[in-house]
Amino acid sequence: MLIIIEGIDMVGKTTLAKKLEEQGFIYCKWFNMDGPIKNGINVAFNSLVSDLFKYVDFKNKDVVIDRFHLTEYVYGSLERNHSGKEDCLAIDKKLQILGEDFLLVYVKPEDLNFSSALHKKDLSEHSRLFDEIIKETKCKHIATSWGQLDKTVEEIKAYKERRKSNEEY
């Protein structure tokens with residue numbers, strides 16, 4: 001199973017990823033989309049995504065990725081002057097192929113001002129873009145927040161068990 005955790009800085013993404021690692025998931029830190037752009041497409045990142053699907057069997061391996069395509073869309077748009085929205089939605093479409101073997105977890109800020117203060121930067125525009133792009137994703141996703149991380153781990157474990165029991169039939 002592949003879990004991708006998304007959200008603004010300082011909301012608990014890494015904490016959630018490490019909690020899932022304790023449950024046996026392989027923990028991967030953020031894949032960066034910085035790279036050469038050809039015809040508006042980030043060739044290196046798209047190649048990395050293709051390899052991920054080619055070489056990892058998500059039916060038999062549990063992987064959690066701390067930040068991925070939605071993060072790159074949001075931060076690329078606001079901090080690197082490259083929206084990458086087309087790349088983001090193309091990757092989103094590829095992830096849909098995984099079906100029940102994929103879950104997107106959006107960690108929302110409980111207190112945007114607190115997250116901004118920890119990051120020493122106003123993250124309100126980042127949060128707004130995440131809220132917008134999460135509405136556009138067609139992938140199965142859940143939302144959580146810092147105070148709900150343990151509950152989210154239990155929810156993911158239950159989802160995983162339901163998925164396994166469905167495969168047995």
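Is I97 buried or exposed? Select I97 and look. This is a predicted model, and in it I97 is exposed, with a relative accessible area of 72%. I97 sits in the loop between α4 and β6. Now add C139 to the selection. The two residues are 42 residues apart along the chain, and their C-alpha atoms are separated by 9.2 Å.

**Stop 1: helix α4**

Step back along the chain to residues 85–96, which form helix α4. Check the length of this helix. At 1.5 Å a residue, its 12 residues should span 16 Å. The C-alpha atoms at its ends are 17 Å apart, which agrees.

Next, colour D87, C88, I91, D92 and L95, which are buried. Turn the view until you look down the axis of α4. The buried residues fall within an arc of 140 degrees, so they line one face of the helix. An α-helix has 3.6 residues a turn, so residues three or four places apart point the same way. Then pick E86 and K93, which are exposed on the other side of α4.

**Stop 2: strand β6 and its partners**

Select residues 102–108 to see β6. Six of its seven residues are buried, so the rest of the structure largely encloses β6.

Show β1 beside it. β1 and β6 pair in the parallel sense over five bridges. To find one pair, pick E6: its bridge partner in β6 is Y106.

Now show β7, residues 141–145. Five bridges join β7 to β6, and these strands too run parallel. Here, pick V107, whose bridge partner in β7 is T144.

**Stop 3: the nonpolar core**

Which residues of the largest nonpolar core touch the most other members? Select L2, I3, I5, L20 and V105: they do so, in a core of 42 residues. The elements that give two or more residues to this core include β1, α1, α3, α4 and α7. β6 gives the largest share, six residues. In soluble globular proteins, nonpolar side chains tend to be buried together.

Zoom in on L2. Leaving out residues up to four places away in sequence, L2 touches F58, V63, I65, L95, L98, D101, F102 and L103.

**Stop 4: two buried polar side chains**

Go to T152 in helix α7, residues 149–167. T152 is buried, with a relative accessible area of just 2%. What does its side chain meet? A polar contact of 2.5 Å joins it to the side chain of T144. Beyond its neighbours within four places in sequence, T152 is in contact with L16, V105, I142 and T144.

Then select S127 in helix α6, residues 124–136. S127 counts as buried at 7% relative accessibility. With residues up to four places away in sequence set aside, S127 touches I8, Y106, P109 and L112.

**Stop 5: two positive phi angles**

Most residues other than glycine have a negative phi, and most peptide bonds are trans. Look at two residues with a positive phi.

Select M10 in the loop between β1 and α1. M10 is not a glycine, yet its phi is positive, about 70 degrees. At 41% relative accessibility, M10 counts as partly exposed.

Finish at K120, in the loop between α5 and α6. K120 is not a glycine either, and its phi is positive at about 60 degrees. At 76% relative accessibility, K120 counts as exposed.

Notes
Residues are numbered from 1 along each chain as its sequence is written. This is a predicted model: local features need pLDDT of at least 70, side-chain atom pairs count only at pLDDT 80 or more; totals for chains, interfaces and linings use all residues. Side-chain values use heavy atoms; hydrogens and water are left out. Helices (H or I, at least four residues) and strands (E, at least two) are DSSP runs, numbered from the N terminus. Buried means under 20% relative accessible area, exposed over 50%, partly exposed in between (1.4 Å probe, protein chains only). A polar contact is a pair of N or O atoms within 3.5 Å; within protein, one must be able to donate a hydrogen and the other to accept it, and residues adjacent in sequence count only if both atoms are side-chain atoms. Contact means heavy atoms within 4.5 Å. The expected span of a helix is 1.5 Å times one less than its number of residues. The arc is that of the directions from the helix axis to the C-beta atoms. A nonpolar core is a set of buried Ala, Val, Leu, Ile, Met, Phe, Trp, Tyr and Cys residues joined through side-chain atoms within 4.5 Å. Two strands pair if DSSP finds at least two bridges between them.
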